[in-house]
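The following paragraphs lead the reader through one protein structure, from single residues to the chain as a whole. Please keep the sequence and the coordinates at hand while reading.

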Amino acid sequence: MTLGTYGLDFNRLNTWWEQSADFLKYLARSQYLLQQGRYVADILVFAGESSPNDAILKPDIRALGYDYDLISTSNMASLTVEDGWIRTPAGGKYRILMLPETEWITPKLLQKVGDLAKAGAVVIGPKPLRSPSLSGYPQCDDRVAGLADELWNGRWIKDYSVREILKEVGLQPDCSAKVTGDDFSFVHRQVDDTDIYFVVNSQKLGCLDTCRFRVTGKQPELWNPETGEIRDAAVWQSHADGTTSVPIPFDPGGSLFVVFRKAATGHVVQTKTELLSQDITPLPDLKIIKAEYGIFFPNGLADVTAALNKSIHNGEINVSAGNDLASRDPAPGSIKELRVEYKTGNQYKEVSVLENQPFRMKASPGEELSIIKAAYGKFDRRLSTIPVSVPVSDVTARLASLVASGKYIIPVDDSLIGGSSASGRNEGKELRLVYECKGERLKLAVPQGRELRLVEDTPNPVLVVEESKPVWITPYPGKLTCTTSAGEERTIGVNSVPSPIKLDGDWNVTFASKQGTSFNAIFDKLISWPNAAEDNIRYFSGTAVYRKSFTLSGELIRTARVLELDLGSVRVMAEVFVNGKSLGVVWKAPYRINIGRAVKEGVNELEIRVTNLWPNRLIGDERFQEHRDYPPKSWPAWVRNGSDAPTRHTTFTTWKHWDEDSPLQASGLLGPVLIRPYVSVDAAF
């Protein structure tokens, strides 16, 4: 049951309900920490006096490494200033107050803003021209103009960009990353002397990134919300500017809490890893479908640069932010905005205007007004700059040729197009790829400067702190060189690691439905269920149990510090049992779990309960559904009475989300499945 096309059921009838505990624990741990203390933001953004307050997103602030909070008209009167910090009665404090991009403000509110600025608050925004209210008209406009002239005299309030004012104030970024770019986000909360940062990599690719935090003199701790594990960061470095940098190995779509609460002690500040060998396995059944490289215009946005430039007359523009600028609605049903970068004389400025609001600009006498770039539509919260339309290059043949020649790790750069692009632009490029693997069609976007890795994902060695001592845990032979905060250096090595054990061959699979029926199948290789010949597997939604035996030697169990079961690819979640003992549920990539506490010497029994989502069953049932209106005018009798359906379908929905020709979703255990040993070595000095 949904609200038309929106929402989802969240109850015992979800296919994944019985495996949801680990996912819900992740949410619970995260929300517990995200409710602690106060929210830390450097910039307070006033949402404006219009009604309703549809606040414009400010990804440009986040892209600079800062966060912001919003305030409405009704709460502006409660703001105070103390030692240059803007404070709220609830305990919030902010370094900068940012006014909206509008020429309207009431005299009463402008007087309050002026009082804050004169009390020492840093306030930025465009100079207002008139009041939006008819109260006291026309004297209210005169009052606004007079106050604005007084405040925007270069002393109290400045029409600066966020970047300009942050540079003038000299405030270090609160949290930033090097590699993840726009796909990196954070939340910072503070409890007394404890700083809690929630850092997120929303890319579908894992990466090792170095995050920098505006904290100094404290030991960073890594709190894993998926497992509940808490460890001291093994490698980190304090800097003279009052910040701390911490290397963080992000999983695909991974998140982590970095907590600063303990005094710093001696620690490792830098490492260098040299591996002697590493598993490189190309993706099986790989086929390049389409590949494009360049700067892509985001979905939901329209380039309106040309339209705005055509609207300039005698150095002045006066337009409304609406669909007529784009000749179509780029994001139906969404709150839209117009973002513009323009130039007057030698000054470059950016402005954001909500849908149906005016965009007015007039150049000073003798100056020229020109629109550099402009986009209208629904902006992604991560999009920190105004995009530019640039032709992209089709590199399908080039990529297919590289794969055919045996190259599966490919740098994403202009070499894909034989050199520099015709546009001359280098920032913001990416490779967008559609490919097939394991019978599944997949999409991937890789930013310029990263590698396209068309190989099975493999883990990296990790340096961890155990009982206050650094320990190197690695699945590959090699050596690690560590440098401490005292300048000491030590190199440790691992000469050999047992080879992984690949679990291939036949799998016994039992498909069990919510209705209590079940059937068995034997897979001689792992496939996505929609690729099966049998309809009862193709259209299956629910949990299938994969069973297999494997044998471990006593020597391997004694040698390995960790024995990890790597499931490869799973759609969408899996619960792992070894010798009848549940080891937990893996619900996101990478699908790996430690099985060391459950294995024994000799034969071991493995059971993997894989659960997919409802769409495949719903699509299959569309072949048998009787015609009905959506939403239905009444509940069918068999639903009301709890009796069997009169046709062969087994599901009932209140909205037609799919039809019988909709593409089936990849489902099941896709693998490859292997057992990977790790060994460890003491890295203490």
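Where is the place of Asp-67? In this predicted model, Asp-67 belongs to the loop that runs between helix H2 (59-63) and strand S3 (68-71). Although part of a loop, Asp-67 has a relative accessible area of 1% and is therefore classed as buried, the limit being under 20%. The side chain of Asp-67 forms a polar contact of 3.2 Å with the side chain of Arg-62. When residues up to four places away in sequence are not counted, the residues touched by Asp-67 are Tyr-39, Val-40, Ala-41, Asp-42, Ile-43, Ile-61, Arg-62 and Phe-186.

A second buried polar residue may be considered next. His-188 is located in strand S11 (residues 184-191), and with a relative accessible area of 3% it is buried. Which side chains are joined to that of His-188 by polar contacts? One is that of Asp-174, at 2.8 Å, and another is that of Asp-195, at 2.7 Å. Both aspartates recur among the residues in contact with His-188 once neighbours within four places in sequence are left aside; the full set is Arg-38, Tyr-39, Val-40, Asp-174, Asp-195, Ile-196 and Tyr-197. Tyr-39 and Val-40 are thus in contact with His-188 and are also touched by Asp-67.

The discussion now turns to nonpolar residues. In soluble globular proteins, nonpolar side chains tend to be buried together. The largest nonpolar core of this model holds 37 residues, of which Trp-507, Tyr-546, Leu-565, Leu-567, Ile-595 and Leu-669 touch the most other members. Two or more residues each are contributed by strands S37 (507-512), S38 (518-523), S39 (543-552), S40 (562-566), S42 (573-578), S43 (581-586) and S45 (602-611). Strand S39 gives the most, with 4 residues. Tyr-546 illustrates the packing: leaving aside neighbours within four places in sequence, its contacts are Trp-507, Asn-508, Val-509, Phe-523, Leu-526, Trp-529, Leu-606, Glu-607, Ile-608, Val-610, Gly-668 and Leu-669. Another core, of 24 residues, lies apart from the one just described and includes Leu-44, Tyr-94, Leu-99 and Leu-147.

Strands may also be followed through their pairing. Strands of a sheet pair through backbone hydrogen bonds, either parallel or antiparallel. One open sheet here consists of 3 strands in the order S19-S34-S35, with antiparallel pairing. Why is one side of strand S19 (268-275) and of strand S35 (489-494) left without a neighbour in the sheet? These two strands stand at the edges and have a single partner strand each, so one side of each remains unpaired within the sheet. From one strand to the next, the twist averages 15 degrees. Strand S34 (residues 478-484) is joined to S35 over 6 bridges in the antiparallel sense, and Thr-483 has Glu-489 of S35 as its bridge partner.

Finally, the protein may be viewed as a whole. Its secondary structure amounts to 12 helices and 47 strands. The radius of gyration is 29 Å, close to the 26 Å that the globule rule gives for 685 residues, so the protein is as compact as a globular protein of that length. The C-alpha trace spans about 90 × 75 × 55 Å along its principal axes. Of the 685 residues, 46% are buried. Among contacts with a separation of 6 or more, 73% are between residues 24 or more positions apart.

Notes: Residues numbered from 1 in each chain as written. Predicted model: local features only at pLDDT ≥ 70, side-chain atom pairs only at ≥ 80, totals over all residues. Heavy atoms only, no water. Pairing = 2+ DSSP bridges. Axes fitted to C-alpha atoms, helices over the stretch in contact; angles between N-to-C directions. Buried < 20%, exposed > 50% of the residue type's maximum accessible area, 1.4 Å probe, protein only. Polar contact = N/O pair within 3.5 Å; in protein donor to acceptor, adjacent residues only side chain to side chain. Contact = heavy atoms within 4.5 Å. Core = buried A, V, L, I, M, F, W, Y, C linked by side-chain atoms within 4.5 Å. Rg over C-alpha atoms; globule rule 2.2 N^0.38 Å.
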